[in-house]
Amino acid sequence: MPTHAYDEAMRLALDEARRAGDAADVPVGCVVLDADGRVLGRGRNQREECGDPTAHAEVVALRQAAAARGEWRLDGCTLVVTLEPCTMCAGALVLSRVARVVFGAFDPKAGAVGSLWDVVRDRRLNHRPEVVAGVLADECGALLVEWFAARRRFGE
C-alpha cells in the first residue's frame with residue numbers, strides 16, 4: 001500500500017501530537033485503526049500530564065483500542081504514529097498483535113522500528129507487524145523540531 005494511503009490517519013495523529021505539545025509533553029500522537037479504517041483508539045504523550053513514564057502515545061492508543069474491542073489482541077489493526085516507536089512501544093506493538101505500524105519521522109536516537117533497533121522485525125519473535133515508514137515525515141519532524149527549539153529558547 002502506498003504511503004500516501006495513510007496521510008489522513010497521520011493527520012489525525014498530528015492533531016493528537018499538537019495536543020500533547022500544548023500540554024507540555026513531547027508532541028507525539030497516535031491513532032489505531034481497525035481493518036476497515038475506523039479509529040479505535042487515539043493517544044498522545046501524557047507522561048508529564050499523568051506522571052506516568054509509560055504514557056507514550058502508542059501505549060495510550062493501544063489501551064483505548066483494546067478497550068473498544070473488548071480484548072487485547074488487535075489483529076488486523078494499524079497503528080499510525082508521528083514518531084518512530086521506542087523499544088517499549090515497539091514491544092507493545094508486537095504484544096498487541098497489530099498487523100501494521102505506520103510512522104512519520106524517524107528517531108535516530110531512540111527508534112526501535114529500524115533506526116537504532118528493529119524490534120518489530122526481529123525473527124525470534126512470534127509476531128512481526130508490517131512497517132510503513134516516513135508518512136508525512138517532514139510535517140511530523142517539523143513539529144518536534146519546533147517544539148524542542150521553543151523549549152531551548154525559553155530555557156526549559
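**Exercise 1. Find which residue stands opposite Val-32 in E3, and place this pair in the sheet.**

Step 1. Val-32 stands opposite Leu-79 in E3. Strands here are DSSP runs of E with at least two residues, helices are runs of H or I with at least four residues, and both are numbered from the N terminus. The model is a predicted one, in which local features need pLDDT of at least 70 and side-chain atom pairs count only at pLDDT 80 or more, while totals for chains, interfaces and linings use all residues. Residues are numbered from 1 along each chain as its sequence is written, and side-chain values use heavy atoms, with hydrogens and water left out.

Step 2. E1 and E3 run antiparallel and are joined by four bridges; two strands pair if DSSP finds at least two bridges between them.

Step 3. On to the next pairing of E3. E3 and strand E4 (residues 100–105) run parallel, with five bridges. Val-80 has Val-102 in E4 as its bridge partner.

Step 4. Six of the six residues of strand E3 (residues 78–83) are buried, so E3 is largely enclosed by the rest of the structure. Buried means under 20% relative accessible area, exposed means over 50%, and partly exposed lies in between (1.4 Å probe, protein chains only).

**Exercise 2. Describe the hairpin that E1 and E2 form.**

Step 1. Strand E1 (residues 29–33) and strand E2 (residues 39–44) are antiparallel and share five bridges. Leu-33 has Val-39 of E2 opposite.

Step 2. Five residues lie between the two strands of the hairpin, and Gly-37 in the turn has a positive phi of about 85°.

Step 3. The C-alpha atom of Gly-37 is 8.6 Å from that of Ala-9, with these positions 28 residues apart along the chain.

**Exercise 3. What does Ala-9 touch, and in which helix does Ala-9 lie?**

Step 1. Ala-9 belongs to helix H1 (residues 7–22).

Step 2. The relative accessible area of Ala-9 is 9%, and Ala-9 is therefore buried.

Step 3. Not counting residues up to four places away in sequence, Ala-9 touches Val-31, Leu-33 and Val-80. A contact means heavy atoms within 4.5 Å.

**Exercise 4. Locate Ala-24 and Arg-97, and give the sign of phi for each.**

Step 1. Most residues other than glycine have a negative phi.

Step 2. Ala-24 has a positive phi of about 75° although it is not a glycine. Ala-24 sits in the loop between H1 and E1 and is partly exposed, with a relative accessible area of 43%.

Step 3. Arg-97, also not a glycine, has a positive phi near 65°. Its place is the loop between helix H4 (87–96) and E4. With a relative accessible area of 21%, Arg-97 is partly exposed.

Step 4. Now the helix before Arg-97. Cys-89, Ala-90, Leu-93, Val-94 and Ser-96 are buried in H4. The cover over the buried residues of H4 includes helix H3 (57–69), E3 and E4.

**Exercise 5. Is Glu-48 buried or exposed, and what is in contact with it?**

Step 1. Glu-48 is in helix H2 (residues 47–50).

Step 2. Glu-48 counts as exposed, at 58% relative accessibility.

Step 3. Leaving aside neighbours within four places in sequence, Glu-48 is in contact with Ala-24 and Asp-25.

Step 4. From Glu-48 to Ala-17 the C-alpha distance is 14 Å, for residues 31 apart in sequence.

**Exercise 6. Characterise the largest pocket.**

Step 1. The largest pocket holds about 350 Å³ of space. A pocket is an open set of points on a 1 Å grid over the protein atoms alone, with protein on both sides within 12 Å along at least five of seven lines; lining residues have an atom within 4 Å of a point. Grid points are joined across faces, edges and corners, and the volume is the space filled by probe spheres (1.4 Å) set on the points.

Step 2. The lining has 20 residues, and Val-26, Val-28, Leu-83, Asp-107 and Leu-144 lie nearest the centre.

Step 3. Helix H5 (residues 137–153) gives the most to this lining, with four residues.

**Exercise 7. Summarise the fold of the whole chain.**

Step 1. The chain has five helices and five strands, in the order α-β-β-α-α-β-α-β-β-α from the N terminus on.

Step 2. Of its 156 residues, 48% count as buried.
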